[in-house]
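Reader: Before I rely on the terms used for this model, could you take me through what stands behind each of them?

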Amino acid sequence: MDLTGASALQLCDLRFAYRGRDVLRGVSVSLGYGEVVSLLGANGAGKSTLLRLALGLIGPSSGKVLLDGQPIERMSRREVARHIAYVPQTHVPPFPFKVFDVVMLGRLAERGLFRPPGPADRAVAAECLERLGVAHLARRAYTEISGGERQLTLIARALAQGARILIMDEPATGLDFGHQIRLLKRLRDLAADNYGILMSTHHPDHAAAVSTHVVLLKDGVVLSEGPPSLTITSEAILRLYGVRANVAPNAIRDAMAAGFEDDAPLATAPAGLCLDSGGVSRFSGSTGEN
Amino acid sequence: MLISATAMSFVFSIESRSTASHLVRGLALAALVAAAMLAALSLGRYPLGLGDIAQFLLASLGFVDLAKPRYDLLFNVIVEIRLPRVLAATLIGAALAVSGAAYQAVFRNPLVSPDILGVLSGAAFGAATGFLLGGDQTVVEILAFVMGLAAAGVGVFIARLFGGAAIIMLVLGGMISGAFFAALLSLVKFVADPYNQLPVIVYWLMGSLANVTLSQLGWAAAPICFGIVAIAGLGRGLDALAMGDDEARALGVPVASLRFGVIAAATLMSALTVSLAGVIGWVGLFIPHVARLVVGPSNSTLTPASAALGAVFMLAADALARSIGKVELPIGVVTQLLGIPAFLLVLSRARRNWI
C-alpha cells in the first residue's frame, strides 16, 4: 500500500484559547506519510500547544484534528496511540527502568493495560532498538545513558508503538553536534520509509536540512509556510526571532548527503546560518557581512 | 534478514535470561516469606521447635497420631495464639509495602509513603474518636477505616478543585487534608479523659498486632489480596505513568482513571492496615526501595516483591517487638527504629539511580 502523499494528519483552522487569551489562531497544518513538517517559532509562539493538539492531548477551542480523515476526539487514547506516537524532549524518569523496558512501553498501545506482552512484542521492541542502532543498550538503565541515546530510545519506543505518525518536540535539543546530525539523518530515513513526522525545532538549519515542509509560527498564527528553501529566509528569521542572519541553506543537508559516516571526521563544518548581529557565531564556512 | 535474525537471537537471550531470573527470584522470595512465617510461629514464650510445628501440621492433616492433650496444647499455641499474629504481620506488611510502591509510582516520586494523601492522619483521628465514643473495638476499627478513606477523599477533592489529576495538586491536597485531620486528632486528645481514654488512644496509635483476630483477618484479607493483584496487573501502566502524564497518554494509557484507580486501591489497603493494627510507619516508604534493588523498578514485578519483603520485614519487626523486652513494644515504634537504618543503607546503595 503506497500511502505517500496521502494526508495522514490534518489540523484544520485550529484555535486554542487559554484563560481568555488566544494561544493559537486559525492554524492549519497538513502532514502526509513520507513527509517531515517542521514548526519554527520563538519561545511561546505556540509550537508545543500545536503538538499537544495534534496528539489529541488537549482539545482545540475551535477547529478540527483529523487522523486519516477521522476526527481524533472521537477516538480512544489507545486507538490514537496506534497511529500517532509522541517523542518528547528527553527527561529522566525517577526510577531506573531498563532501556528495553522503556521501549516495551510502546507495546501498551497494541496490548492494552491488561494483556501482558508476549514474545512477539519483545521481538518488535528488539527490532526497533536494532533499527535505531541502540540494541547494545537494552540492558542498561535508561537513567544512566546519554541524552542522545535516550532520544534514540524514545524514537525506538515510538516505532514499537506501531504508529506511522511521529510527533517530536524539539528532538535535537540538548544533543551535541554529532548527535544532532545523526538524529536528523535518522529522521530523514524514517520519512523515506513512509513515516510522517511533525516536529518542533529551535534550529532553522535543522528544519532546512530534513523538512519537506516548514511552518513558521509567530504569536499563535502561521506567518508563512512552504518548502524550506522558500520559507527559511533572512527576512523570515528576522521576523520570527528578531535577529539578522544570513541564510546559507542546505549546508547541513550537504553535510548529510556527503556520505556521513558515524565515526568519520567531518571534512567541512556544516553551517546553516551565520549570525551577523547580536548572536555568537561559532561556525565557519559561510560569511557574515561584517 | 540479518537484522531480524540478530534481533531474534537477542530477544531470545533477553527473554530466557529475564524469565529465568524472575522465576528464581520469585521462588526465593516466596520461600523467604514461608521461612519467616514458620520462624515466627516457633517464636514466643512457650518453646516450640520447627519439628513440633511439622508434627502438628501432619497430625491435623491426619498423617500422624498425636495424643489429645498434646494436640490441644499445640492447637492453642499455634492456631489460636500465634497464627493470627503471624497472618496479621504478613498481610499488613504486604499491604503497606504494596500501597507504598503504588503511591510512589502514581506520584512519580520515590520518597512518597502511604500517608501522602492524609490516610494515616484520617484513620488515627477516626480511631481516637472511636475511643472517645466508648471504645468498642468494632466501632474504633470502622471509624479508623472510614476516616482514613475520607481524609484521602478530601485530599483528592481539593486537588480536583484546583488542578485535576496533576501530581503537585494531589500532594498539596494531601498535605492540607493531613494537617486538618492531625488538628482534629489533637482536639480529640485534648478533650479525651486523661486517665482512661488518652493513654488508650496514644498506645493504639503506636500500633500493635496483639488484638488482631482471625475473623478480622478473614474480612480484611480479600480486599488486601485483591489490591495487590490489581496493582501488579496495572504495573505496566504505572511504568508508563512514571514517564510523565502526556507521554503515558500518548502511549495509550488512560492516565486519570489509572491514577485514581490505583490511589483508591492503595488507600483502601493502607486504611485497612490502620484499622487492624494502628499506625505503622516506614514500611510503605522503604520496603519498595529494597524491592527495587532486588527485582528492578518495573511495577509488575516490583509489586509482588514488595509484598513479600514487606511481609518478611513485618514478621521480623513483630518478633523483635515481642521478644526484646519483658513487655511487648508497640510495633510502630519497632518498624520506625528498624526502618531508619535500613533506609539509610538502601540510600547509600541506590543514590545514583534516583538523583
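Author: Two residues are in contact if their C-beta atoms, placed from the backbone, lie within 7 Å. By that criterion, 34 residues of chain A are in contact with 34 residues of chain B. This is a predicted model, in which local features need pLDDT of at least 70 and side-chain atom pairs count only at pLDDT 80 or more, while totals for chains, interfaces and linings use all residues. Residues are numbered from 1 along each chain as its sequence is written, and chains are lettered from A in the order in which they are written.

Reader: Which element gives the most to the side of chain A that touches chain B?

Author: That is α5(A), with six residues; helices (H or I, at least four residues) and strands (E, at least two) are DSSP runs, numbered from the N terminus.

Reader: What makes chain B a chain of helices and zero strands?

Author: Chain B has 14 helices, and no run in it counts as a strand.

Reader: Why is chain B called as compact as a globular protein of that length?

Author: The radius of gyration, taken over C-alpha atoms, is set against the globule rule, 2.2 Å times the number of residues to the power 0.38. For 355 residues the rule gives 20 Å, and chain B has 22 Å, which is close to it, so chain B is as compact as a globular protein of that length.

Reader: How many of the residues of chain B count as buried?

Author: Of its 355 residues, 48% do, where buried requires that 20 or more other C-beta atoms, placed from the backbone, lie within 10 Å of the residue's own.

Key. A residue is buried if 20 or more other C-beta atoms lie within 10 Å of its own, exposed if 12 or fewer, and partly exposed in between; C-beta atoms are placed from the backbone.
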